[in-house]
Amino acid sequence: MEGYQVADGSRMEQEIKEKGRIVTVPVGISMWPMLKNRRDHIVVVAVNRPLRRYDVPMYRRANGNFVLHRIIKVCENGRYVICGDNLWRKEYHVRDEDIVGVLAGFFKGERYIDCETNPWYHAYVYLWRFLYPFRVCLLFPKEKLRKLKWKFKKK
């Protein structure tokens, strides 16, 4: 299965515009445990409907990086609050014009999981969002310890 790395963001965006979808490999751990770094394959399609809570858009940050994170709130002003499944910090003010596509599904090995119709996927989403406060309690100290360790390592 051919795919692009996140570094090929402009190529991915162009292919979504031309073909309506891309199949690529996710890079990073921000959507773990749902997506494994450089192992699973994702199918991102052009957005053809208003995005909803728990959709997973691919969007471009101000620095030009492309990111795939989950919408946790749709704001009235047409903006989104977004957070990766393996993160505790929320991103605010993601706009429709930043979004280049939305996750339609993903491959775990040969098995395809459709984000619209798979009941196990929907159960995972609700469980994972329910556990957010507990994840914050675990991930926040972990990040602070990692930064403290890095600071001492530099000296």
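**Figure 1. Strands β8 and β9 of the predicted model pair in antiparallel fashion.** The two strands, β8 (99–108) and β9 (residues 111–114), are joined by 4 bridges. Strands count as paired if DSSP finds at least two bridges between them. Strands (E, at least two residues) and helices (H or I, at least four) are DSSP runs numbered from the N terminus. Phe 106 has Ile 113 as its bridge partner in β9. The pair forms a hairpin with 2 residues between the strands, and Gly 109 in the turn has a positive phi of about 65 degrees. This is a predicted model, in which local features need pLDDT of at least 70 and side-chain atom pairs count only at pLDDT 80 or more, while totals for chains, interfaces and linings use all residues. Residues are numbered from 1 along each chain as its sequence is written, and side-chain values use heavy atoms, with hydrogens and water left out.

**Figure 2. The largest nonpolar core has 22 residues.** A nonpolar core is a set of buried Ala, Val, Leu, Ile, Met, Phe, Trp, Tyr and Cys residues joined through side-chain atoms within 4.5 Å. Buried means under 20% relative accessible area, exposed over 50%, and partly exposed in between (1.4 Å probe, protein chains only). The members that touch the most others are Met 34, Ile 42, Met 58, Leu 68, Leu 103, Phe 106 and Tyr 121. At least two residues each come from α1 (9–19), β2, β4 (66–68), β8 and α2 (119–130). The largest share, 4 residues, is supplied by α2. A second, separate core has 9 residues, among them Leu 51, Val 67, Tyr 80 and Val 102.

**Figure 3. Contacts of Tyr 121.** Contact means heavy atoms within 4.5 Å. With neighbours within four places in sequence left aside, Tyr 121 is in contact with Met 34, Tyr 54, Val 56, Arg 70, Phe 106, Ile 113, Asp 114 and Cys 115. Two residues in this list, Phe 106 and Ile 113, are also bridge partners. Tyr 54 is buried, with a relative accessible area of 15%. Tyr 54 also has a positive phi of about 80 degrees although it is not a glycine, and its place is the loop between β2 and β3 (57–60).

**Figure 4. The loop between β1 and β2 holds Pro 33 and Arg 38.** This loop runs between β1 (21–24) and β2 (41–45). The peptide bond from Trp 32 to Pro 33 is cis, and its omega is near 10 degrees. Arg 38 is not a glycine, yet has a positive phi of about 60 degrees. Arg 38 is exposed, at a relative accessible area of 54%.

**Figure 5. Two cysteines, Cys 75 and Cys 115.** Cys 75 counts as partly exposed, at 22% relative accessibility, whereas Cys 115 counts as buried, at 9%. Cys 115 is one of the residues in contact with Tyr 121. The whole structure has 0 disulfides, a disulfide being a pair of cysteine sulfur atoms within 2.5 Å.

**Figure 6. The chain as the setting for the close-ups has 3 helices and 9 strands.** Along the sequence the pattern is α-β-β-β-β-β-β-β-β-β-α-α. Of the 155 residues in the chain, 42% are buried. Among contacts with a separation of 6 or more, 47% are between residues 24 or more positions apart. The exposed area is about 9,900 Å², with 57% supplied by carbon and sulfur atoms; accessible areas come from the Shrake-Rupley method with a 1.4 Å probe, and for residues only the protein chains shown count as cover.
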